[in-house]
Amino acid sequence: MSNQLNYCEKHKCSKVLVRERSWECKKCLSELLEKVNQEFEENLLKNLLSKKINSIQIPLDLKNKGLDNFQVNDEYDEKIVLRGKEYVDQMIKSNTHLNLLITGPTGVGKSHLAVGILKYCYEQKYFRKFVCYSTSFGLANKVIATWNNHDLNEEDVLREYTEIELLVIDDLGYDDIGKKAEIINKIIYRRHENHKSTIITSNLKVEQIVEYMGSRTSSRFFSHLYADIQIDTEDFRMRRK
Ligand SMILES: [Zn+2]
């Protein structure tokens with residue numbers, strides 16, 4: 001017996017009577033179930049992604065920055081974004097710690113690029129790893145804040161920032177000299193010993209960064225440098241190590 005009620009035109013098959021109430025096509029039902037499952041998984045992934053991105057501790061003015069809205073004016077800018085992605089891809093693929101240096105004058109998008117790279121990590125389902133953002137002086141201040149507070153322990157803060165899988169230290173060389181430089185260098189050094197990846201952005205030139213770090217830290221940081229991305233508004237250059 002085949003009529004419009006118990007025949008599925010789409011699948012060219014007979015429907016079955018479900019709970020003695022309605023005629024349903026088994027194939028249509030399983031398609032529907034698959035669609036619901038897929039939507040559920042997509043939502044789960046979206047929620048996880050936004051939770052993970054919240055944990056990066058991105059400051060408010062950088063919250064909406066990503067690699068997809070990095071200002072691309074020419075093919076060199078395209079290369080910058082591509083190099084950022086390649087850095088993450090290489091880190092995941094080789095399963096090793098790699099560092100990245102982003103240098104250039106103020107206002108060219110160094111922080112934007114760094115934050116975009118962190119988000120890209122999670123977009124690549126790098127979920128099991130923990131990535132984080134901090135300014136250099138903010139990081140140093142966090143450690144210094146423990147010195148006069150008996151409830152806080154300097155070693156705890158140092159350890160926290162040594163264990164993060166990928167850490168952005170933004171604006172190295174800005175308001176972070178003297179004692180603060182010692183702290184930052186200690187963190188960079190320990191991160192290397194702990195096989196963790198570090199992205200540093202700075203207005204300083206590479207030679208000045210080497211000087212800031214001192215030979216002990218710089219030799220370690222640069223030994224695992226993936227790329228030195230120099231963003232320069234007029235004369236853009238990019239060197240790969
Ligand atoms: Zn059907």
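Partly exposed, as used here, refers to a relative accessible area between the buried limit of under 20% and the exposed limit of over 50%. In this predicted model, G138 has a relative accessible area of 24% and is therefore partly exposed. G138 sits in helix α4, which spans residues 136–144. Its partner for a quick look across the fold is K180: the two residues are 42 positions apart in sequence, while their C-alpha atoms are 9.6 Å apart in space.

K180 also turns up in the packing of α4 against α6. The axes of these two helices come within 9 Å and cross at roughly 100 degrees, so α4 runs roughly perpendicular to α6. On the α4 side, the contact is made by S136, L139, A140, N141, V143 and I144, and on the α6 side by K180, I183, I184 and I187.

Helix α6 (residues 179–193) packs against another helix too, namely α5 (residues 154–163). Here the axes again come within 9 Å, and the crossing angle is roughly 50 degrees. Angles of 65 to 115 degrees count as roughly perpendicular and those under 35 as roughly parallel, so α5 and α6 end up oblique to each other. Their crossing is right-handed. From α5, the residues involved are E154, E155, L158, Y161 and T162, and they meet K186, I187, R190 and R191 of α6. I187 of α6 thus appears in the contact with α5 and in the contact with α4.

Next comes the interior. In soluble globular proteins, nonpolar side chains tend to be buried together. In this model, the largest nonpolar core has 33 residues, and Y87, L100, L113, I117 and I199 have the most contacts inside it. Two or more residues each come from α2 (75–94), β5 (99–103), α3 (110–123), β6 (131–135), β7 (166–172) and β9 (225–230). Helix α3 provides the largest share, with eight residues. I199 gives a good feel for how this core is put together: leaving aside residues up to four places away in sequence, I199 touches Y87, L100, I102, A114, I117, L166, L167, V168 and I169. There is also a second, separate core of 26 residues, which includes L101, V143, I188 and V206. Of these, V143 is also one of the α4 residues that contact α6.

Strand β9, one of the contributors to the largest core, also carries a charged residue, D228. With a relative accessible area of 4%, D228 is buried, because that value falls under the 20% limit. The side chain of D228 makes a polar contact with the side chain of Q230, at 3.0 Å.

Finally, two loop residues have backbone angles to look at. E20 lies in the loop between β3 (16–18) and β4 (22–24), and has a positive phi of about 55 degrees although it is not a glycine. The relative accessibility of E20 is 73%, so this residue counts as exposed. H195, in the loop between α6 and β8 (197–202), likewise has a positive phi, in this case about 60 degrees, and is not a glycine either. H195 counts as exposed because its relative accessibility is 54%, and the limit for exposed is over 50%.

Conventions. Residues numbered from 1 in each chain as written. Predicted model: local features only at pLDDT ≥ 70, side-chain atom pairs only at ≥ 80, totals over all residues. Heavy atoms only, no water. Core = buried A, V, L, I, M, F, W, Y, C linked by side-chain atoms within 4.5 Å. Buried < 20%, exposed > 50% of the residue type's maximum accessible area, 1.4 Å probe, protein only. Helix = DSSP H or I, 4+ residues; strand = E, 2+ residues; numbered from the N terminus. Contact = heavy atoms within 4.5 Å. Polar contact = N/O pair within 3.5 Å; in protein donor to acceptor, adjacent residues only side chain to side chain. Axes fitted to C-alpha atoms, helices over the stretch in contact; angles between N-to-C directions. Parallel < 35°, antiparallel > 145°, perpendicular 65-115°, else oblique. Left-handed = near helix turned anticlockwise from the far one by under 90°.
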